[in-house]
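Reader: I'm new to reading protein models, and I'd love a close look at one part of this one. Could you pick a spot and walk me outwards from there?

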Amino acid sequence: MVTIPTVKLNDGTDFPELGLGTYGLRGAEGVASVVSAIETGYRLLDTAVNYENEREVGEAVRTSGVDRAELLITTKIPGRDHGYDEAIRSTTTSLAVTGLDYLDLSLIHWPNPSVGKYVETWRAMIDLRERRAVRSIGVSNFTEPMLRRLLDETGVVPSVNQVELHPYFPQAALRAFHAEHGIRTESWSPLARRSELLQEQLLIELAEVNGVTPTQVVLRWHVQLGSTPIPKSADPERQRENADVFDFELTDDEVSAISALERGRLWDGDPNTHEEM
Ligand SMILES: NC(=O)c1ccc[n+]([C@@H]2O[C@H](COP(=O)([O-])OP(=O)(O)OC[C@H]3O[C@@H](n4cnc5c(N)ncnc54)[C@H](OP(=O)(O)O)[C@@H]3O)[C@@H](O)[C@H]2O)c1
C-alpha cells in the first residue's frame, strides 16, 4: 500500500497531497474502482453532485473496510443550488445520497458570476461547517478577484481552491495568491486528461532520468508546486502508478522546465464566462 503524505489546511485538517478524481466512475464498476483506490492507499476522494456518483463513492467508503475517519470525501455544490437555502438543501441531499454522517470538504463547483449568488452560497457553507455537517469548506474555479470578494464580504478564507492545473496551465499567479492567503491549491485534470501531454519529449526524458513514468513526473511536479492533484483512473494498476510519487524528487530546474510547457487553458473553462448549472 502507498502512504500518501498530508499537509495542514488553514482550518487544521490533515489533507492528502494527492487524491482520486472520480468523474465518470459510476455503477458497480465505479464502486469497484473507488474501492481499489482506497485499498491502494488513496484517502481523498473527489466527487460532485454533477458527477452523479456520490452514491457510488459513499458505497465504496462503506465496503472498503477502511475507517471512515481516515477518508476525506469532497463534494461540490452545483450552479443550480447557488443561494443560501439551496446550498443547505444541496448539502443535506449529498449527505443522504452518500449515506455519510458528514462530508469532509464541500466546494462551490463553479462561481457562475452572472448568477451573482456565490457569496450567499459561501455564507451557507460557513454555517454548514459550524454545524459540522461539513468539516472543511472551499471553492472551485475561483479567480483572485472572486476570492478577494469572499474575503472582503465574509472574512472567511476558503481552505481549498480546486482549479484547472497541469503543465500546460500551471497557474503561477493564482498559486502565489493562494500561498499568500493560506489557501490550498487542488489541481483538476492534473494529467490534462491524458491528451498529448504524456507524449511530451521533456516528460519522457525526465521519466527516464528518474526511473519513473511520464505520468509520475507530472504528478510529482504538482506535489512539488504545493498543489494536490486528483488524477482519475478506473484502473488499479494506473491508480497505483499515480499514487506512487513520494519517493523521488525533481530538481528545481526540472520543475521549472515542466512549467515552461505552459500554453494556457485547454477547455475554455474561464470562470469569468464559463458557467455550469
Ligand atoms: N472542479 C472542476 O470543475 C473539475 C473539472 C474537471 C475535473 N475535476 C476533477 O478532477 C478529476 C481529474 O480530472 P480528469 O478526470 O478530467 O482528468 P485527468 O485526471 O487529468 O485524466 C484522466 C484520464 O487519464 C487517464 N489516466 C489516468 N492515469 C493514467 C496513467 N497512469 N497512464 C495513462 N493514462 C492515465 C484516465 O484513464 P483510465 O481511467 O482508463 O486510467 C483518464 O482517461 C476528475 O475526475 C474530477 O474529480 C474537477
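Author: Let's begin at proline 16, which sits in strand β2, the stretch covering residues 14-16. This is a predicted model, by the way, so treat everything here as computed from that prediction. Is proline 16 buried or exposed? Its relative accessibility is 3%, and because the cut-off for buried is under 20%, proline 16 counts as buried.

What does proline 16 touch, once you skip its neighbours within four places in sequence? Its contacts are Ile4, Pro5, Thr6, Arg43, Leu44, Leu72 and Thr228. You can also look from proline 16 across to leucine 45: the two are 29 residues apart along the chain, and their C-alpha atoms are separated by 10.0 Å.

One name in that contact list is worth following, and that is Thr228. Threonine 228 belongs to strand β10. With a relative accessible area of 0%, threonine 228 is buried. Leaving out residues up to four places away in sequence, threonine 228 touches Phe15, Pro16, Glu17, Leu18 and Gly19, and also Leu44, Arg184, Thr185, Glu186 and Ser187. So Pro16 turns up again here, because contact is counted as heavy atoms within 4.5 Å, and Leu44 is in the list of threonine 228 as well as in that of proline 16.

Strand β10 takes us to the sheet. Eight strands make up an open sheet, and reading across it you meet β3-β4-β5-β6-β7-β8-β9-β10, with parallel pairing. Which strands stand at the edges? They are β3 (20-21) and β10 (227-229); each has a single partner strand, so one side of each has no neighbour in the sheet. If you're wondering what holds such neighbours together, strands of a sheet pair through backbone hydrogen bonds, either parallel or antiparallel.

Now move further into that order. Strand β5 (residues 72-77) pairs with strand β6 (residues 103-108) in the parallel sense, over four bridges. To find one of the matching spots, look for threonine 74, whose bridge partner in β6 is leucine 105. β6 also pairs with β7, again in the parallel sense, and over five bridges. Here you can look for isoleucine 108, which stands opposite valine 139 of β7.

Stay with β7 for a moment. Why is β7 described as largely enclosed by the rest of the structure? Because six of its seven residues are buried. Take serine 136, which has its place in β7, residues 134-140. At 1% relative accessibility, serine 136 counts as buried. Setting aside neighbours within four places in sequence, serine 136 is in contact with Leu9, Asp11, Thr13, Asp104, Leu105, Ser106 and Arg129. You've met Leu105 already, as the bridge partner of threonine 74.

The loops that follow have a small surprise each. Asparagine 112 is in the loop between β6 and α4, and its phi is near 45°, a positive value in a residue other than glycine. Asparagine 112 is buried too, with a relative accessible area of 0%. Asparagine 141, in the loop between β7 and α5, has a positive phi of about 65°, although it is not a glycine either. Asparagine 141 is buried as well, with a relative accessible area of 4%.

Those loops bring us to the helices. Two packed helices are described by the angle between their axes and the distance between the axes. For helix α4 (residues 118-130) and helix α5 (residues 144-154), the axes come within 10 Å and cross at roughly 60°. That makes α4 oblique to α5, and the crossing is right-handed. On the α4 side the contact is made by Tyr118, Val119, Trp122, Arg123 and Ile126, and on the α5 side by Met146, Arg149, Leu150, Glu153 and Thr154. Sorted by class, those residues are six nonpolar, one polar and three charged.

α5 has another partner, helix α6 (residues 172-181), and there the packing angle is about 20°, with the axes 10 Å apart. How do α5 and α6 lie relative to each other? They are roughly parallel, because angles under 35 degrees count that way. Glu144, Leu147, Arg148 and Leu151 of α5 meet Leu174, Phe177, His178 and His181 of α6. By class, this contact of α5 with α6 has four nonpolar, two polar and two charged residues.

Terms used
Residues are numbered from 1 along each chain as its sequence is written. This is a predicted model: local features need pLDDT of at least 70, side-chain atom pairs count only at pLDDT 80 or more; totals for chains, interfaces and linings use all residues. Side-chain values use heavy atoms; hydrogens and water are left out. Axes are lines fitted to C-alpha atoms, for helices over the stretch in contact, and angles run from 0 to 180 degrees between N-to-C directions. Helices (H or I, at least four residues) and strands (E, at least two) are DSSP runs, numbered from the N terminus. Angles under 35 degrees count as roughly parallel, over 145 as roughly antiparallel, 65 to 115 as roughly perpendicular and the rest as oblique. A crossing is left-handed if the near helix is turned anticlockwise from the far one by less than a right angle, and right-handed if clockwise. Ala, Val, Leu, Ile, Met, Phe, Trp, Tyr, Cys and Pro count as nonpolar, Asp, Glu, Lys and Arg as charged, and the others, Gly among them, as polar. Two strands pair if DSSP finds at least two bridges between them. Buried means under 20% relative accessible area, exposed over 50%, partly exposed in between (1.4 Å probe, protein chains only).
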